[in-house]
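Trainee: Before we discuss this protein, could we look at its sequence and model together?
Mentor: Yes, please bring both up.

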Amino acid sequence: MAVPRSPDRWVFILLVVGLVGIGVAVALLVPAKVLGAKEPPRPVAATVVESGACGQGMDTVEWDAGGEKKQAKLDGCGHRKGETVEIVMTGTDMVSSAASLPAGLPVGRRLTALLLCMAALAGGFYAFLFRYAPLRAPAVLPGPRQGPLS
């Protein structure tokens, strides 16, 4: 005699899916700083002191770094002399325009990992359904008709 399965297993499955959903929400909403990511560079206002022609050179900018004037090459060209631009430090002798940095939260990698985990969970659940689904009885074909004259 077969023992009927308990409906408690569906509660367990829903509990696991719910906990994964809560984990996903926490992973996407927790700031990257808490997860150990380095803080993005802060933009600094700089003045163009030498304008380089596009294709031949780069602009040179100057900014105030703690009371000391510093100059570096700007990873860009075509600015007018005396123009103020927002820059970020990319190296010791090179700076980039702050407008060239991506804006917003860096959730691309976390979202990719999340989608990979959800796909693995869905695949595992699908395999679970195939492995433990109740087997269906094959269709019974009718045999030859037995009439009263037989």
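What follows is a set of questions and answers on the fold, the core, single residues and a pocket.

Mentor: This is a predicted model, in which local features need pLDDT of at least 70 and side-chain atom pairs count only at pLDDT 80 or more, while totals for chains, interfaces and linings use all residues. Residues are numbered from 1 along each chain as its sequence is written, and side-chain values use heavy atoms, with hydrogens and water left out.

Trainee: In what order do the elements of the protein run from the N terminus on?
Mentor: Helices (H or I, at least four residues) and strands (E, at least two) are DSSP runs, numbered from the N terminus. The protein has 2 helices and 5 strands. From the N terminus on, the order of these elements is α-β-β-β-β-β-α.

Trainee: Which elements give two or more residues to the largest nonpolar core?
Mentor: A nonpolar core is a set of buried Ala, Val, Leu, Ile, Met, Phe, Trp, Tyr and Cys residues joined through side-chain atoms within 4.5 Å, where buried means under 20% relative accessible area, exposed over 50%, and partly exposed in between (1.4 Å probe, protein chains only). The largest such core has 9 residues, namely A46, V48, V61, W63, A72, L74, V85, I87 and V95. Those elements are strand 1 (44-50), strand 2 (59-65), strand 3 (68-74) and strand 4 (84-89).

Trainee: Is S96 buried or exposed?
Mentor: S96 has its place in strand 5 (residues 94-97). Counting heavy atoms within 4.5 Å as a contact, and leaving aside residues up to four places away in sequence, S96 touches L74, D75, E86, I87, V88 and T90. Because its relative accessible area is 11%, S96 is classed as buried.

Trainee: Which residues does G76 touch, not counting residues up to four places away in sequence?
Mentor: G76 is found in the loop between strand 3 and strand 4, and its relative accessible area of 24% is why G76 counts as partly exposed. With those sequence neighbours left out, the residues that G76 touches are M58 and D59.

Trainee: Which helix supplies the largest share of the lining of the second largest pocket?
Mentor: On a 1 Å grid over the protein atoms alone, a pocket is an open set of points where a 1.4 Å probe fits, with protein on both sides within 12 Å along at least five of seven lines, and lining residues have an atom within 4 Å of a point. Helix 1 (8-29) and helix 2 (108-132) each supply at least two lining residues. The largest share, 6 residues, comes from helix 2.

Trainee: How far apart are the end C-alpha atoms of residues 111-129?
Mentor: The unreviewed UniProt entry places the feature "transmembrane region" at residues 12-32 and 111-129, although such annotations may be inferred rather than shown by experiment. Over residues 111-129 the chain is 100% helix and 0% strand, and the distance between the end C-alpha atoms is 27 Å.
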